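Colleague: I have just opened this entry and would love a guided tour. Could we go through it together, one question at a time?

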Amino acid sequence: MDSTQLGQRQTRQREAIFQVIEVANGPLSVPEIHERACILFPRLGIATVYRTVKLLQEAERIQSVVLPTGDTRYEETGLGHHEHFQCRKCEQVFDINVCPVHFPKGQPIAGGFIVDDHELTIYGLCPDCATKSKSHKK
């Protein structure tokens, strides 16, 4: 990330916050970003994370993902079309690159609606929670 893209000087904290988002396997909430970035910078304040997220959005390096629950999370831009999976137990959100819905772009669907894009969030148990759930049933 180049500091001129943010219009401010680049700091190691800002770089760490972007890297946390960049390597995540799904969109993260600000508290999740803060928790992960604190591994590198234990004294990092949550206000710094909020400010950096805003700067990264303005620089179009990250984008918001608003889940059907109303929760906002953040992911790197340029990931291409993908859907999200939210675990009902741990509440983590994961990127999934399989789209179970194929709408013909620009073509009418039932009711006369013209689709130009879609977002989908699938719910269930992530692999870790599913494994833990099976081991507790034994």
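Colleague: Thanks! Which residue in E7 does Gln-86 stand opposite?

Modeller: Happy to help, and please keep in mind that this is a predicted model. Strand E3 covers residues 83-87 and pairs with E7 in the parallel sense over 4 bridges. Within that pairing, the residue opposite Gln-86 is Tyr-123.

Colleague: And what is the bridge partner of Gln-86 in E4?

Modeller: E3 also pairs with E4, here in the antiparallel sense over 4 bridges. On that side, Gln-86 has as its bridge partner Val-93.

Colleague: So what is the order of the strands in this open sheet?

Modeller: The edge strands, each pairing on one side only, are E4 (93-96) and E7 (121-124). Neighbouring strands are turned against each other by 30° on average, direction ignored. The open sheet has 3 strands with mixed pairing, in the order E4-E3-E7.

Colleague: How many residues of E3 are buried?

Modeller: Let us take the two faces of E3 in turn. On one side Glu-83, Phe-85 and Cys-87 are buried, and on the other His-84 and Gln-86 are buried. That fits a strand that is mostly covered, with the buried count being 5 of its 5 residues.

Colleague: Which residue takes a positive phi in the hairpin of E3 and E4?

Modeller: This hairpin has 5 residues between the strands. A positive phi near 70° is found there at Glu-91.

Colleague: How many bridges join E1 to E2?

Modeller: E1 and E2 form a hairpin with 5 residues between them, and Gly-70 in the turn has a positive phi of about 95°. One facing pair is Ser-64 of E1 and Tyr-74 in E2. The strands run antiparallel, and the number of bridges joining them is 5.

Colleague: Let us move to the helices. At what angle do H3 and H4 pack?

Modeller: H3 brings Val-30, Pro-31, Ile-33 and His-34 to this contact, while H4 brings Ile-46, Val-49, Tyr-50 and Val-53. The crossing is right-handed. With the two axes 10 Å apart, the helices pack at an angle of about 115°.

Colleague: How many nonpolar residues are in the contact of H3 with H4?

Modeller: Sorting the contact of H3 with H4 by class gives 1 polar residue and no charged residues. The nonpolar count is 7.

Colleague: Which elements do the buried residues of H3 pack against?

Modeller: H3 spans residues 30-37, and its buried residues are Val-30, Glu-32, Ile-33, His-34 and Ala-37. They pack against two helices and one strand, namely H2 (12-23), H4 (46-58) and E2 (72-76).

Colleague: Which helix gives the most residues to the largest nonpolar core?

Modeller: The largest nonpolar core has 18 residues, and those with the most contacts inside it are Ile-17, Ile-33, Leu-44, Val-49, Val-53 and Ile-62. H2, H3 and H4 each supply at least two residues of this core. The helix that gives the most, with 5 residues, is H2.

Colleague: How many residues are in the second, separate core?

Modeller: Phe-85, Cys-87, Phe-94 and Cys-126 are among its members. Phe-85 and Cys-87 lie on one side of E3, where they are buried together with Glu-83. The size of this second core, in residues, is 5.

Colleague: Is Leu-56 buried or exposed?

Modeller: Leu-56 is found in helix H4. In sequence it is 39 residues away from Ile-17, yet their C-alpha atoms are 9.6 Å apart in space. Because its relative accessibility is 0%, and the cut-off is under 20%, Leu-56 counts as buried.

Colleague: One last thing: which residues does Thr-52 touch, not counting those up to four places away in sequence?

Modeller: Thr-52 also has its place in helix H4. Its relative accessible area is 1%, so Thr-52 is buried. With residues up to four places away in sequence left out, the residues it touches are Arg-14 and Ile-17.

Terms used:
Residues numbered from 1 in each chain as written. Predicted model: local features only at pLDDT ≥ 70, side-chain atom pairs only at ≥ 80, totals over all residues. Heavy atoms only, no water. Pairing = 2+ DSSP bridges. Axes fitted to C-alpha atoms, helices over the stretch in contact; angles between N-to-C directions. Buried < 20%, exposed > 50% of the residue type's maximum accessible area, 1.4 Å probe, protein only. Contact = heavy atoms within 4.5 Å. Left-handed = near helix turned anticlockwise from the far one by under 90°. Nonpolar A, V, L, I, M, F, W, Y, C, P; charged D, E, K, R; others polar. Core = buried A, V, L, I, M, F, W, Y, C linked by side-chain atoms within 4.5 Å.
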